[in-house]
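Hi,

Here's the structure I said I'd pass along. Have a look, and my notes on what turned up are underneath.

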Amino acid sequence: MIAKLKDLWQHRELQYNMVVKELKVKYKRSVLGFLWSFMNPLIMLVVFSIVFALIIPGELSWFVVFLMAGLLPWLFFVNSLMQAVGSIVNNPGLVKKVYFPREVLPLGAVGANLFHFCMQMLVFFVFLLAIRWHFSIYIVLFPFVLLLQVFFTTGLVLLISAANVYLRDVQHFVEVATMAWFWITPIVYPFGLVIAKFGKFWPIYLVNPMTDITLLWQYIIYNPYYYAPKGGVAYISFWGILGTSILSIALLVFGYYFFCRTERGFAEQI
Amino acid sequence: MAYAVEVNDVSKMFKLHHENVKSLKEKVLFFRRRGYEEFWALKDIDVKVSEGDTLGLIGANGSGKSTLLKCITKILYPTKGKIATNGSIAALLELGAGFQPDLTGRENVYLNASILGFSKKEVDKRFDDIVAFAELERFIDNHVRNYSSGMYVRLGFAVAINVDPDILIIDEVLAVGDEAFQRKCLDRINEIQNAGKTIIFVTHNVDVTQEICNRVIMLDQGNIVKEGTPKEVVPFYHKAMESHEESAERGDRRVTVTGAELLNGEGNPASEFSTGESMKIRVSYIVAEPVEDPVFGFSIDDYRGFTAYGTNTSLKGIDLGKVSGEGVVEFDLKALPMLEGRYSVSLSVHSRDEQTVYHWLDRYTTFDMYSQMNDIGLLYIPCEILVNP
């Protein structure tokens with residue numbers, strides 16, 4: 001695996017080119033091109049503001065910020081998964097004809113989506129600055145939370161993209177599973193509701209690593225102590241974060257190990 | 001001398017699945033059923049390629065040539081055995097692998113080169129060469145989707161062949177482009193050879209191996225059957241290919257050719273003739289029920305299927321009338337003009353309107369031509385040279 005990492009390092013330029021290619025290809029032949037990266041979150045902000053401020057006002061103040069804080073990272077996560085799961089099987093022309101570290105393909109999908117995520121976050125933060133948002137000090141944890149999510153996503157992506165070569169059910173499963181996963185992760189509802197409804201069983205909810213990651217995002221961006229002191233938005237615990245961190249790293253290592261083990265058969269299987 | 005590529009006892013097994021079981025349900029349902037057969041595409045292959053060698057791999061379809069190349073380039077992994085390579089490899093298994101139709105030629109050059117394992121810096125240095133080689137100066141900033149297929153493969157070839165690998169691996173892609181471009185490719189390959197680089201390539205065009213290889217390996221069903229200089233291996237290859245092609249027969253057999261002999265000047269059966277010698281093709285036939293006006297014919301083809309000569313009784317204005325019982329037709333060739341080579345003889349009997357084939361024997365027999373002369377070409381044309389000083 002060390003040798004594989006070295007090989008990947010030697011192909012870092014290819015990895016970079018793959019990400020750039022994904023981005024370029026996505027917006028080729030569109031007039032606004034790159035601007036769509038900004039339009040997306042902008043339109044979300046406008047629509048959610050109207051819907052949740054006027055049509056279904058909830059208990060949380062600035063619900064749109066709460067929603068976006070969890071939704072943008074989630075989209076990064078789920079888009080990476082969807083794009084990466086078929087990245088090997090959809091590139092037979094490359095995999096069967098040229099040697100290069102195959103992980104470049106799924107990692108390219110993650111990289112391109114990471115870039116989009118950063119662009120979207122940029123728009124989101126400009127919006128927050130415009131409404132004179134009260135940031136909490138924990139915003140400095142942004143890089144840490146992002147890294148945590150990237151680790152978790154990458155581990156999962158390596159696992160499913162390799163498994164999909166041998167069992168095409170994986171990509172269909174991912175489609176269904178992410179939809180369910182979205183609703184069991186406290187993105188559109190505050191975690192306080194879960195605690196209220198589940199009674200003493202609520203810690204079960206934290207088994208889902210995306211819950212921890214989402215809560216962290218909401219915690220550092222939404223600033224619950226200022227905006228929702230009684231809303232029960234934020235529940236983060238040291239042990240929860242530690243557990244999720246360990247899990248993410250373990251998943252990354254295992255995912256890469258699994259990928260390396262199965263990689264040799266890719267050219268024959270697709 | 002160091003080896004650029006060392007293939008040690010490599011075997012490769014493919015699982016031939018009877019039904020491609022790919023979904024979970026099927027996997028569970030057919031859990032215990034071994035749904036495949038073993039197919040050994042390579043069997044204990046041992047090849048050492050020295051630095052600076054140009055090695056040609058030849059063999060019939062399915063002999064394992066491409067599998068071996070893919071194992072060397074790490075696209076496939078051998079089931080048994082080890083392969084060691086020394087130096088950077090550029091593999092041309094498919095031209096323009098990974099070209100993105102929506103990117104420009106320029107962008108694709110960089111992307112393709114990095115897929116082949118070369119850095120931006122290396123490409124920067126050679127970018128103009130690549131574009132010039134592909135003859136795409138005017139189109140390099142156009143989208144590749146607007147390229148013609150010729151432009152597409154030229155660009156693919158130009159990238160791979162100009163990035164200066166230590167080992168160049170080419171699979172059957174030399175046949176791209178027009179003749180001028182092919183010539184250019186061969187010239188470039190010569191340059192690469194002169195620079196002391198190693199080349200391994202697969203081809204069906206055996207003449208090319210004679211032109212550029214110093215070693216040739218012939219594979220058959222995953223085994224090395226012959227190894228040596230092109231002069232040693234190529235004739236062997238031709239011979240093997242001939243025996244592969246079983247003489248095909250068809251026709252309704254209202255007239256059946258029971259045999260044919262090639263007779264030399266002395267009237268003895270022979271399979272070797274020298275240039276200028278005469279040859280008789282004696283065809284025996286049998287007719288079950290009388291047939292009106294059959295036409296007997298033959299053709300002499302070289303190993304490429306190129307017909308050197310052919311004729312029939314109809315073309316010669318002979319009317320056989322009603323034919324019955326047994327008989328013999330003799331074609332008397334006064335002088336064979338062919339120089340050296342192996343030729344096959346095909347025979348046919350058909351109706352005068354050519355609508356019904358009675359009996360047709362493709363490549364029924366073969367003979368070899370030998371020549372005392374050192375003239376070159378296919379045919380001997382009597383030629384006297386007058387020199388006026």
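**Sheet and salt bridges**

In strand E7 of chain B, the residue that B:Asp171 bridges to is B:Val202. One caveat up front: this is a predicted model.

That bridge belongs to a parallel pairing of E6 (residues 167–171) with E7 (residues 198–202) in chain B, which runs over five bridges. Both strands sit in an open, mixed sheet of six, ordered E5-E6-E7-E3-E8-E9. At the edges are E5 (89–92) and E9 (223–228) of chain B, each pairing on one side only. From one strand to the next, the twist averages 15°.

Two chain B helices lie across this sheet. H2 (residues 65–72) crosses E3, E5, E6, E7 and E8, at about 150° to E6(B). H5 (residues 149–162) lies across E5 and E6, at about 160° to E5(B).

On to charges: the whole structure has 20 salt bridges over all chains. One of them joins A:Lys4 and A:Glu103 at 3.7 Å, N to O. A:Lys4 is in helix H1 of chain A and A:Glu103 in the loop between H5 and H6 of that chain, so the pair ties together parts 99 residues apart in sequence. Both residues are buried, and they form a salt-bridge network with A:Glu263.

In chain B, B:Lys184 and B:Glu135 meet at 2.7 Å, N to O, in another salt bridge. B:Lys184 lies in helix H6 and B:Glu135 in the loop between H4 and H5 of chain B, so this pair links parts 49 residues apart in sequence. B:Lys184 counts as partly exposed at 25% relative accessibility, and B:Glu135 counts as partly exposed at 41%.

Cheers

Notes:
Residues numbered from 1 in each chain as written. Chains lettered and ligands numbered in written order. Predicted model: local features only at pLDDT ≥ 70, side-chain atom pairs only at ≥ 80, totals over all residues. Heavy atoms only, no water. Pairing = 2+ DSSP bridges. Helix = DSSP H or I, 4+ residues; strand = E, 2+ residues; numbered from the N terminus. Axes fitted to C-alpha atoms, helices over the stretch in contact; angles between N-to-C directions. Contact = heavy atoms within 4.5 Å. Salt bridge = Lys/Arg side-chain N within 4 Å of Asp/Glu carboxyl O. Buried < 20%, exposed > 50% of the residue type's maximum accessible area, 1.4 Å probe, protein only.
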